[in-house]
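Welcome to this structure! Here are some notes to read alongside the sequence and the 3D view, taken one point at a time.

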Amino acid sequence: MTEESILQKIRGGLIVSCQALENEPLYGADIMARMAVAAERGGAVGIRANGGSDIREIKRTTHLPVIGLCKRWIPGSEVYITPTLEDVEEVLQAGADMVAVDATQRVRPGGGLGTDFVATVKQRFPRALVVADVATYQEGVLAAEAGADIVATTLSGYTSDSAWQDGPDFSLVASLSQSLPVPVIAEGHIRTPRQAAECLRLGAWAVVVGSAITRPQEITQSFVTSLRQYLQAQAAEGEQRA
């Protein structure tokens, strides 16, 4: 697919993040591929996937464009989304249509900042569609200036420069969508269809949802927590009456 066809295919749609780490019950390329197939049948326009094996299997079993990344934790750096050029190469060789990289202004493994890395990736892999994962408005602007093809709000709330929010960072989605010359993908803390639709209303090109769809362990925990809180409140009310 060409750059333009990929962008048009995902426009206005839902991209489902199908990821599981080694310590999670659903870890495995075959399981993530089945998750991706289910997402495709449900109407998703794209998949976000982690690691070469998952990406290859998802590309083999679906017809959807894939945003690929490689999560790796390297001592001495907070950056873990596609932290090195070797990781970028792994993602692209696996067949990903886009590669997501951390474009925050945090120091990367070996030195340099996110914007430096975006520029380097575009220079080394000129045909790659680069998705810059950012946490702040300024990072989004700098990433676009450095050559990012897409900017995503993925890391809002996950860095020391961005405040944690229980829900999506609608303000960041709106401000980036209104000012950047490249598409903006809304991602992060999107838990309901209404929130996803609001991101489109604010100007997002597409919306990524992960945990609310593909992480049954976390979904289960949210229901269990709510039930426990209800029971605790009922018990407290009963004690007050007594």
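1. **H189.** Let us begin in a loop: H189 sits between β7 (184–187) and α8 (193–201). Please keep in mind throughout that this is a predicted model. Is H189 buried or exposed? With a relative accessible area of 12%, H189 is buried, because the limit for that class is under 20%. The backbone here is worth a look as well, since H189 is not a glycine and yet has a positive phi, near 65 degrees.

2. **T82.** A second residue with a positive phi is T82, where the angle is about 50 degrees although the residue is not a glycine. T82 belongs to the loop between β3 (66–69) and α4 (85–93). Its relative accessibility is 0%, so T82 counts as buried.

3. **S77.** Stay in the loop between β3 and α4, because S77 lies there too. At 14% relative accessibility, S77 counts as buried. Which residues does S77 contact, leaving aside its neighbours within four places in sequence? They are V107, R108 and P109. For a sense of distance, S77 and L180 are separated by 103 residues in sequence and by 28 Å in space, C-alpha to C-alpha.

4. **The largest nonpolar core.** Now turn to the interior. The largest nonpolar core has 42 residues, and those with the most contacts inside it are I47, I58, A132, V151 and L180. Helix α2 (residues 29–41) gives the largest share of this core, with five residues. A second core, separate from this one, has 20 residues, with L7, I15, I67 and L155 included.

5. **V151.** One of the core residues just named deserves its own paragraph. What does V151 touch, not counting residues up to four places away in sequence? Its partners are A132, V134, G140, A143, A144, L176, L180, V182, P183, V184 and I185. Two of the names in that list, A132 and L180, are also among the residues with the most contacts inside the largest core.

6. **Helices α2 and α3.** The axes of α2 and helix α3 (residues 52–61) come within 8 Å and cross at roughly 40 degrees. That angle makes α2 oblique to α3, and the crossing is right-handed. On the α2 side, A29, D30, M32, A33, A36, V37 and E40 take part, and they meet S53, D54, E57, I58 and T61 of α3. Sorted by class, this contact has six nonpolar, two polar and four charged residues. I58 links this point to the earlier one on the core, as it is listed among the residues with the most contacts there.

7. **Helices α6 and α7.** How are helix α6 (residues 137–145) and helix α7 (residues 170–179) arranged? They pack at an angle of about 30 degrees, and their axes are 10 Å apart. That makes α6 roughly parallel to α7, since angles under 35 degrees fall in that class. This crossing is right-handed. Y137, G140 and V141 of α6 make the contact with L172, S175, L176 and S179 of α7. By class, these residues are four nonpolar, three polar and no charged. G140 and L176 will be familiar, as both are touched by V151.

8. **D161.** Where is D161 placed? It is in the loop between β6 (150–152) and α7. At 52% relative accessibility, D161 counts as exposed, because the limit for that class is over 50%. Beyond its neighbours within four places in sequence, D161 is in contact with T136 and E139. Between D161 and W73 there are 20 Å in space, C-alpha to C-alpha, and the two are 88 residues apart in sequence.

9. **I10.** Finally, look at helix α1 (residues 3–10), where I10 is found. I10 has 1% relative accessibility and therefore counts as buried. Not counting residues up to four places away in sequence, I10 touches I15, V45, P65, I185, W205 and A206. One of these, I15, is included in the second core. A44 is 34 residues from I10 in sequence, and their C-alpha atoms are 8.7 Å apart in space.

Note on methods
Residues are numbered from 1 along each chain as its sequence is written. This is a predicted model: local features need pLDDT of at least 70, side-chain atom pairs count only at pLDDT 80 or more; totals for chains, interfaces and linings use all residues. Side-chain values use heavy atoms; hydrogens and water are left out. A nonpolar core is a set of buried Ala, Val, Leu, Ile, Met, Phe, Trp, Tyr and Cys residues joined through side-chain atoms within 4.5 Å. Buried means under 20% relative accessible area, exposed over 50%, partly exposed in between (1.4 Å probe, protein chains only). Helices (H or I, at least four residues) and strands (E, at least two) are DSSP runs, numbered from the N terminus. Contact means heavy atoms within 4.5 Å. Axes are lines fitted to C-alpha atoms, for helices over the stretch in contact, and angles run from 0 to 180 degrees between N-to-C directions. Angles under 35 degrees count as roughly parallel, over 145 as roughly antiparallel, 65 to 115 as roughly perpendicular and the rest as oblique. A crossing is left-handed if the near helix is turned anticlockwise from the far one by less than a right angle, and right-handed if clockwise. Ala, Val, Leu, Ile, Met, Phe, Trp, Tyr, Cys and Pro count as nonpolar, Asp, Glu, Lys and Arg as charged, and the others, Gly among them, as polar.
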